[in-house]
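Work through the exercises below with the sequence and the model open. Try each task before reading its solution.

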Amino acid sequence: MQKLIKTATLILALTLISGCVYKRDLAQGNYITEGMVEQLQPGMSRDQVVGVMGSPLLEAPFDANQWDYIFRLDKAYGGVQQRRVTLTFANDRLVDINQRGDLSEDIQLRTQDDVGPAVDGASPMGELPETQPEAAPRSAPDAGGTLPRGGEPATSEPLEL
């Protein structure tokens, strides 16, 4: 009987602890908006497309004329949203735009400021120092020479010791 109580207590404790896991949204791929896709026009060059959409996530390995832009957001406490835009080129000019997924509504990405659970009464700004540290002296008065700064070569004159 005592062994059964210990086992039941252990199972209950493990069940309670397993529910205390912090999850966060996981965004992967190229962020795609409806406005970006609306800017694409047939006849655009590859450089113009990169200017609008960024570099493609995937280039078809056997067909260099197809670029895929994929965005997937796996919400921590929700579902998965996925968008895909496939662009086809002929003679280095955009000829076809194929999109999958709902681009009509923007996906709200959480900022990195809210990473981790919030702590009441804690301010990350309160941990910063009030003033900046003083800059290092430009010369070494004891040695009689000048210290080199970043990007500057040291003087060719030897320092006196």
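Two strands pair if DSSP finds at least two bridges between them. Helices (H or I, at least four residues) and strands (E, at least two) are DSSP runs, numbered from the N terminus. The model is predicted: local features need pLDDT of at least 70, side-chain atom pairs count only at pLDDT 80 or more, and totals for chains, interfaces and linings use all residues. Residues are numbered from 1 along each chain as its sequence is written, and side-chain values use heavy atoms, with hydrogens and water left out.

**Exercise 1. Describe the chain as a whole.**

Solution.
- Start with the elements. The protein chain has three helices and seven strands.
- Put them in order. Along the sequence the pattern reads α-β-α-α-β-β-β-β-β-β.
- Turn to burial (buried means under 20% relative accessible area, exposed over 50%, partly exposed in between; 1.4 Å probe, protein chains only). Of the 161 residues, 19% are buried.
- Finish with contacts (heavy atoms within 4.5 Å). Among those between residues at least 6 apart in sequence, 46% join residues at least 24 apart.

**Exercise 2. Trace the pairing of strand β4 on the β3 side, then on the β5 side.**

Solution.
- Locate the strands. β3 covers residues 66-74, β4 residues 80-90, and β5 residues 93-100.
- Take β3 first. β3 and β4 run antiparallel, joined by nine bridges. Asp74 has Val80 of β4 as its bridge partner. Five residues lie between the two strands of this hairpin.
- Now take β5. β4 and β5 are also antiparallel, with seven bridges between them. Here Thr86 has Asn98 of β5 as its bridge partner.
- Check the turn. Two residues separate β4 and β5 in their hairpin. Asn91, in that turn, has a positive phi of about 55°.

**Exercise 3. Place Arg84 in its surroundings. Is Arg84 buried, partly exposed or exposed?**

Solution.
- Find the element. Arg84 belongs to strand β4.
- Classify the residue. Arg84 counts as partly exposed because its relative accessibility is 24%.
- List the contacts. Beyond neighbours within four places in sequence, Arg84 touches Asp68, Tyr69, Ile70, Asn98, Gln99 and Arg100.
- Compare sequence and space. Gln99 is 15 residues from Arg84 along the chain, yet their C-alpha atoms are separated by 5.7 Å.
- Look for a polar contact (a pair of N or O atoms within 3.5 Å; within protein, one must be able to donate a hydrogen and the other to accept it, and residues adjacent in sequence count only if both atoms are side-chain atoms). The side chains of Arg84 and Asp68 make one, at 3.3 Å.
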